[in-house]
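Work through the exercises below with the sequence and the 3D structure open. Try each task before reading its solution.

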Amino acid sequence: MSQPVLQVQALHRSFGLTHILRGIDLELAAGECLAVIGPNGAGKSTLFNVISGALAPSAGHVLLRGRSIAGQSPDAIARLGLARSFQISQLFEHLSVADHLRLACLRSRGLRFDGWRGLRGVLAKLPDVQAALALWLQRLELGDQQHCLPGELSYAQQRMLELGMALAGEPQVILLDEPTAGMSRSETAQFVQRLRALTQGRALMLVEHDMQVVFELADRVAVLHEGSLLACGTPQQVRGDAAVRSVYLGGLPC
Ligand SMILES: Nc1ncnc2c1ncn2[C@@H]1O[C@H](COP(=O)(O)OP(=O)(O)O)[C@@H](O)[C@H]1O
Ligand SMILES: [Mg+2]
């Protein structure tokens, strides 16, 4: 098997004396979709925070294409090709849809607003950014909403915009924290269909409570319980696992 695109090794994270992640080992192959499931408070968002650089690990390693990234800033990790979305919406209420995507496109081209030198770089890249913007508006089916503020979008469109911002940097690895939470069944079905198309060929790790979404999208499922991995395998293996059924999937038919 070729080298995994992402490796998490013996990862620990504590807050004070409380151990939240207790030695997690995970691998993600190129193009694979891994769903992380588990009860509330299991440590799923903390795991994503450590992988994406929002939190430093207390111990252990995170490797992106074999290179250690643990403890680096979220920006540095994003530039290395790992993007994430958040459980809580991160949109700017006074920026339009198009401006959100413009920012994401500029950022993915390594541009910073740091004085005149940075501004010159931004201006030089504008035609390129306009072309990328048009493409993303079409891919996300947000063309008609490009001048809208986030508050004028449906909830599902807001989540689509957040997904687009994560994808605009063409990352190899994408972490999505509860992308379909709060959506209706039909919004979820449409979102999953687009998610599949938009992330084709990229490695995807998602925290998801909707088991229909998990079993539809995931190549493998990791079950987190009280900061430890209870099981990791194909959806069928995990669905049939007695320990998993007792703590999490008890209500699901085999
Ligand atoms: N910054 C923090 N400081 C202290 N405790 C935290 C912090 N972030 C998360 N926790 C705790 O870690 C545990 C796991 O949280 P979280 O990773 O958000 O779980 P999940 O996403 O699986 O629901 C919870 O008990 C939560 O209260
Ligand atoms: Mg969470």
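## Exercise 1: Strand 3 and its partners

Leu34 stands opposite Met205 in strand 8. The model is predicted.

**Task.** Which strands do the bridges join to strand 3, and which way do they run?

**Solution.**
- Start from strand 8, residues 203-207. It runs parallel to strand 3, and 4 bridges join the two.
- Turn to strand 9, residues 220-225. Here too 4 bridges lead to strand 3, and the pair is parallel.
- Pick out a pair here: Ala35 faces Val221 of strand 9.

**Task.** Is strand 3 enclosed or open to the outside?

**Solution.**
- Sort the side chains by direction. Cys33, Ala35 and Ile37 point one way, while Leu34 and Val36 point the other way.
- Check burial on each side. The cut-off is 20 or more other C-beta atoms within 10 Å. Both groups are buried.
- Conclude: 5 of the 5 residues in strand 3 (33-37) are buried, so the rest of the structure largely encloses this strand.

## Exercise 2: The open sheet

**Task.** In what order do the strands of the open sheet lie, and which are the edge strands?

**Solution.**
- Read off the order: 4 strands, 2-1-4-5, with antiparallel pairing.
- Find the edges. Strand 2 (18-28) and strand 5 (67-68) each pair on one side only.
- Inspect one pairing. Strand 1 (residues 6-15) and strand 2 share 8 bridges, in the antiparallel sense. Leu11 has Ile24 of strand 2 as its bridge partner.
- Add the helix. Helix 1 packs on the sheet and touches strand 1, strand 2 and strand 4; its direction is at about 65° to that of strand 2.

## Exercise 3: Placing Ala59

**Task.** Is Ala59 buried, partly exposed or exposed?

**Solution.**
- Locate Ala59: it belongs to strand 4, residues 59-64.
- Count neighbours. Ala59 has 13 C-beta neighbours inside 10 Å, so it is classed as partly exposed.
- Look beyond four places in sequence: Ala59 is in contact with Ala10 and His12.
- Compare C-alpha positions. Ala59 and Gln9 are 50 residues apart along the chain, with 9.2 Å between their C-alpha atoms.

## Exercise 4: The shell around ligand 1

**Task.** Which element gives the most to the shell around ligand 1?

**Solution.**
- List the residues around ligand 1: Phe15, Ile20, Gly38, Asn40, Gly41, Ala42, Gly43, Lys44, Ser45 and Thr46.
- Assign them to elements. Helix 1 (residues 44-52) gives the most, with 3 residues.
- Classify the shell: 3 nonpolar, 6 polar and 1 charged.

Terms used:
Residues numbered from 1 in each chain as written. Chains lettered and ligands numbered in written order. Predicted model: local features only at pLDDT ≥ 70, side-chain atom pairs only at ≥ 80, totals over all residues. Buried ≥ 20, exposed ≤ 12 C-beta atoms within 10 Å, placed from the backbone. Pairing = 2+ DSSP bridges. Near = placed C-beta within 6 Å. Nonpolar A, V, L, I, M, F, W, Y, C, P; charged D, E, K, R; others polar. Contact = placed C-beta atoms within 7 Å. Axes fitted to C-alpha atoms, helices over the stretch in contact; angles between N-to-C directions.
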